[in-house]
Amino acid sequence: MGNLTICDHPLIQHKLTYIRDKNTNTKDFRELVDEVATLMAYEITRDLPLETVTVATPVTNASSKVVSGRMLGIVPILRAGLGMVEGMLKLIPSAKVGHIGLFRNPETLEPVEYYVNLPSDATERLLIVIDPMLATGGSACAAIQALKQRGCQQIKLMCLIAAPEGVEVVQKAHPDVDIYLAAMDDHLNDHGYIVPGLGDAGDRMFGTK
């Protein structure tokens, strides 16, 4: 079973409070999501392997650490996941970015893939799938499956807020994928919204509510 990590750093929790607040305007909401994504990127890259190199300081040569060739990819689920990309790139600017587009079939309510564009070397990278909300888990599972069908095996999932139901679905379908959250909320309501949640992340991010 993949690990579940709650990124409970005080700054993340502080900013998440204002992300939840229905009175936070679109500009501030977008900036806060960007900032939390940066902070979570710090947590999700904590276990990257290091190697020792020698550098010349102004005083003498020194042995020091650099990340050991682990290539990263960021894969937002359209559209809300786009709001987390720049925040992550601030910390890991060498990462490449792919995109996965999904919509929900109105009759079956199942996610349908309509767009996948990945870096040419995606199979060699550790891919971080990002989406602000992990509600039913359907979109996350479909995105992860889309990556696996294309030969990608190193995958992590990063979301701001999740419902226990969604986490359980992803863990059951993809037990090899580690999940990183800023918060685990209480439950899903009858409309599939996370409670207490933050509403529709895409609408709040892009001002389309």
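This passage describes the nonpolar cores of a predicted model and three of its residues, D34, G199 and D200. In this predicted model, local features need pLDDT of at least 70 and side-chain atom pairs count only at pLDDT 80 or more, whereas totals for chains, interfaces and linings use all residues. Residues are numbered from 1 along each chain as its sequence is written, and side-chain values use heavy atoms, with hydrogens and water left out.

The largest nonpolar core (a set of buried Ala, Val, Leu, Ile, Met, Phe, Trp, Tyr and Cys residues joined through side-chain atoms within 4.5 Å) has 39 residues, and those with the most contacts inside it include I19, M40 and L160. Helix α2 (26–44) is among the elements that each supply at least two residues of this core, and α2 gives the most, with eight residues; helices are DSSP runs of H or I with at least four residues, and strands are runs of E with at least two, numbered from the N terminus.

Helix α2 also holds D34, which counts as buried because its relative accessibility is 12%, where buried means under 20% relative accessible area, exposed over 50% and partly exposed in between (1.4 Å probe, protein chains only). The side chain of D34 reaches the backbone nitrogen of G87 at 3.0 Å.

G199 is found in the loop between β13 (194–195) and α6, and D200 is also placed in the loop between β13 and α6. G199 is partly exposed because its relative accessible area is 36%, and D200 counts as partly exposed at 31% relative accessibility. The side chain of D200 reaches the backbone nitrogen of G202 at 3.0 Å.

Note on methods:
Polar contact = N/O pair within 3.5 Å; in protein donor to acceptor, adjacent residues only side chain to side chain.
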